[in-house]
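Me: I'm new to this structure and would like a close look at a single part of it. Could you start near the beginning of the chain and explain how the neighbouring pieces fit around one another?

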Amino acid sequence: TELPQGGVRCVERLESPREVYIFGGGHIAQALVPGLVKTGFRCHVFDDREEYASAQVFPQAVEVAKVEMEHLEEISGRITAEDFVCVMTHGHRHDHAVVSQVLRTPAAYIGVIGSAKKAAASREKLQQEGFGPGDLARIVSPIGLAIGAETPEEIAVSILAQLIEKRAQLRAEEVR
């Protein structure tokens, strides 16, 4: 339709917000969640440490809970093909425990914090546990766009940008 000269057209996207399951409530997650919420994501934050699994630390999150990273069956059971997962726990052992469980979900995105060296070691361990090339290809590690980020806030921006990019790709695929 044509608008009168000087008219304004507003477009409102009618879709459910993407859910982001964040495992690890440290400094990067604390910097990431506000940006995710402001850009239309719903955040669920899980940590095994009481001081990080707090609604006071993550007031914008729809869910914050203290969990055992080795036992995420209930949470993993909720993750759909529409959802994103960010793994940024406080240790390689915990990251591995989370990844080995969320790889069994249909998550649209699984990002894991860490260096390329850590990512390679993790992939090797997952392969030894029976995960195949298709499973391993689903893991984005290191997480975030390569923008030279160093501080928790900069790393959060790189992750946020990557999640926005992935969401846009999924939208485009849905239109086809």
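**A close look around the first strand**

Reply: Let's start with serine 16, which sits in the segment before β1, the strand made of residues 19-23. Keep in mind throughout that this is a predicted model. Serine 16 is exposed, because its relative accessible area is 61% and anything over 50% counts that way. Its C-alpha is 9.0 Å from the C-alpha of phenylalanine 41, although the two are 25 residues apart in sequence.

Now step into β1 itself and look at the rings. With ring centres within 6.5 Å taken as a pair, the model has four aromatic pairs. One of them is tyrosine 21 with phenylalanine 46, a stacked pair with 6.3 Å between the centres and 5° between the planes. Tyrosine 21 belongs to β1 and phenylalanine 46 to strand β2 (residues 42-47), so this pair ties together parts that are 25 residues apart in sequence.

Are these two rings buried or exposed? Tyrosine 21 is buried, with a relative accessible area of 4%. Phenylalanine 46 is buried as well, because its relative accessibility is 1%, and the limit for that word is under 20%.

Phenylalanine 46 also pairs with phenylalanine 23: the ring centres are 5.3 Å apart and the planes meet at 25°, so this pair is stacked too. Here again distant parts of the chain are linked, since phenylalanine 23 is in β1 and phenylalanine 46 is in β2, 23 residues apart. Phenylalanine 23 has 0% relative accessibility, so it counts as buried. Put together, ring pairs join Tyr21, Phe23 and Phe46 into a cluster.

Next along the chain comes helix α1, residues 27-38. Its buried residues include Ile28, Ala29, Leu32, Val33, Gly35 and Leu36. What do the buried residues of α1 pack against? They pack against β1, β2 and α6, and α6 is the helix covering residues 152-175.

It's worth zooming in on how α1 meets α6. Their axes come within 8 Å and cross at roughly 45°. The two helices are therefore oblique to each other, and α1 passes α6 in a right-handed crossing. On the α1 side the contact uses His27, Ile28, Ala31, Leu32, Gly35 and Leu36, and on the α6 side Pro152, Glu153, Ile155, Ala156, Ile159, Leu160 and Leu163. Sort those residues by class and you get ten nonpolar, two polar and one charged.

At the far end of α1, lysine 38 is still in the helix. It is exposed, with a relative accessible area of 75%. Its C-alpha is 9.3 Å from that of glutamine 60, which is 22 residues away along the chain. Just after α1, glycine 40 takes a positive phi of about 95°.

There's one more neighbour of β1 to meet: helix α3, residues 92-102. Nine of its eleven residues are buried, so α3 is largely enclosed by the rest of the structure. The buried ones are His94, Asp95, His96, Ala97, Val98, Val99, Ser100, Gln101 and Val102. What covers them includes β1, along with α2 (73-76), β4 (84-87), β5 (109-112), α4 (116-128) and β6.

Among those covering elements, take α4. Its axis lies 11 Å from that of α3, and the two helices pack at an angle of about 50°. They are therefore oblique to each other, and α3 passes α4 in a right-handed crossing. The contact is made by His92, Asp95, His96, Val99 and Ser100 of α3 together with Lys118, Ser122, Lys125 and Leu126 of α4. By class, that makes two nonpolar, four polar and three charged residues.

One last stop, further along the chain: the loop between β6 (139-140) and α6 holds proline 142. The peptide bond leading into proline 142 from serine 141 is cis, with omega near 0°.

Notes:
Residues numbered from 1 in each chain as written. Predicted model: local features only at pLDDT ≥ 70, side-chain atom pairs only at ≥ 80, totals over all residues. Heavy atoms only, no water. Helix = DSSP H or I, 4+ residues; strand = E, 2+ residues; numbered from the N terminus. Buried < 20%, exposed > 50% of the residue type's maximum accessible area, 1.4 Å probe, protein only. Phe/Tyr/Trp six-rings, centres within 6.5 Å; stacked < 30°, edge-to-face > 60°. Contact = heavy atoms within 4.5 Å. Axes fitted to C-alpha atoms, helices over the stretch in contact; angles between N-to-C directions. Parallel < 35°, antiparallel > 145°, perpendicular 65-115°, else oblique. Left-handed = near helix turned anticlockwise from the far one by under 90°. Nonpolar A, V, L, I, M, F, W, Y, C, P; charged D, E, K, R; others polar.
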